[in-house]
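Student: I would like a close look at one part of this model. Please take the sheet and what packs around it, and walk me through it in one go.

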Amino acid sequence: MKYFSVFVLSFVFCLHGYAQQQKPITVNISTPTVQCDMCKRKIEDHLKYEEGVTKVMVYPKQKKTTVTYLTDRTNLETIKTAIANAGYDAEEVKAAKDAYDKLPSCCKKPGGK
Ligand SMILES: [Cu+2]
């Protein structure tokens with residue numbers, strides 16, 4: 001019986017550790033400069049390879065990006081920066097200029113630089 005409880009205890013600890021490590025959360029990030037399916041594909045492709053990101057969905061009509069990520073592997077600031085590095089504004093983080101300049105003209109802000 002003693003061994004059995006040790007077994008159960010270690011199992012419970014194992015599960016606890018697993019649950020703590022893998023805790024994905026989903027956030028909505030406002031991406032006001034997203035306009036078309038090309039923007040959508042660009043951000044989704046860019047974030048797919050970002051460390052800790054498990055799911056990305058860009059909604060051009062709602063001008064938002066929904067990202068699911070593991071909190072022990074990355075954070076919101078890093079994800080916003082990744083979107084900015086793809087050439088798009090992510091809330092207060094503005095698009096990286098060189099990446100923005102490389103966007104197809106249909107993806108640039110109307111009347112933008
Ligand atoms: Cu576009």
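Tutor: Here is the sheet, followed by the helices and the core around it.

Keep in mind that this is a predicted model. The protein has four helices and three strands. Read from the N terminus, the order of elements is α-β-α-β-β-α-α.

Start with the sheet. It is open, has three strands in the order 1-3-2, and pairs them antiparallel. Strand 1 (24-30) and strand 2 (53-59) are the edges. Each has a single partner strand, so one side of each lacks a neighbour in the sheet. From one strand to the next, the twist averages 15°. In general, strands of a sheet pair through backbone hydrogen bonds, in a parallel or an antiparallel sense.

Now take one pairing in detail. Strand 2 and strand 3 (residues 64-70) are joined by six bridges, in the antiparallel sense. Within this pairing, Val56 stands opposite Val67 of strand 3.

Next come the helices. Helix 2 (residues 37-48) lies across strand 2 and strand 3. Its direction is at about 170° to strand 2. Helix 3 spans residues 76-85. Its buried residues are Ile79, Lys80, Ala82, Ile83 and Ala84. Lys80 is thus on the buried list along with Ile79 and Ile83. The cover over the buried residues of helix 3 includes strand 1, helix 2, strand 2 and strand 3. Just past helix 3, Gly87 has a positive phi of about 110°.

That leads to the core. In soluble globular proteins, nonpolar side chains tend to be buried together. Here the largest nonpolar core holds 19 residues. Ile43, Ile83 and Tyr88 touch the most other members. Helix 2, strand 2, strand 3 and helix 3 each give two or more residues to this core. Helix 3 gives the most, with four residues.

Tyr88 deserves its own look. Leaving aside residues up to four places away in sequence, Tyr88 touches Thr31, Thr33, Val34, Cys39, Ile43, Ile83 and Ala95. Two of these contacts, Ile43 and Ile83, are listed with Tyr88 as the core members that touch the most others.

Finally, the whole chain. Of its 113 residues, 23% count as buried. Among contacts with a separation of 6 or more, 54% join residues 24 or more positions apart.

Notes: Residues are numbered from 1 along each chain as its sequence is written. This is a predicted model: local features need pLDDT of at least 70, side-chain atom pairs count only at pLDDT 80 or more; totals for chains, interfaces and linings use all residues. Two strands pair if DSSP finds at least two bridges between them. Axes are lines fitted to C-alpha atoms, for helices over the stretch in contact, and angles run from 0 to 180 degrees between N-to-C directions. Two residues are in contact if their C-beta atoms, placed from the backbone, lie within 7 Å. A residue is buried if 20 or more other C-beta atoms lie within 10 Å of its own, exposed if 12 or fewer, and partly exposed in between; C-beta atoms are placed from the backbone. A nonpolar core is a set of buried Ala, Val, Leu, Ile, Met, Phe, Trp, Tyr and Cys residues joined through C-beta atoms within 7 Å.
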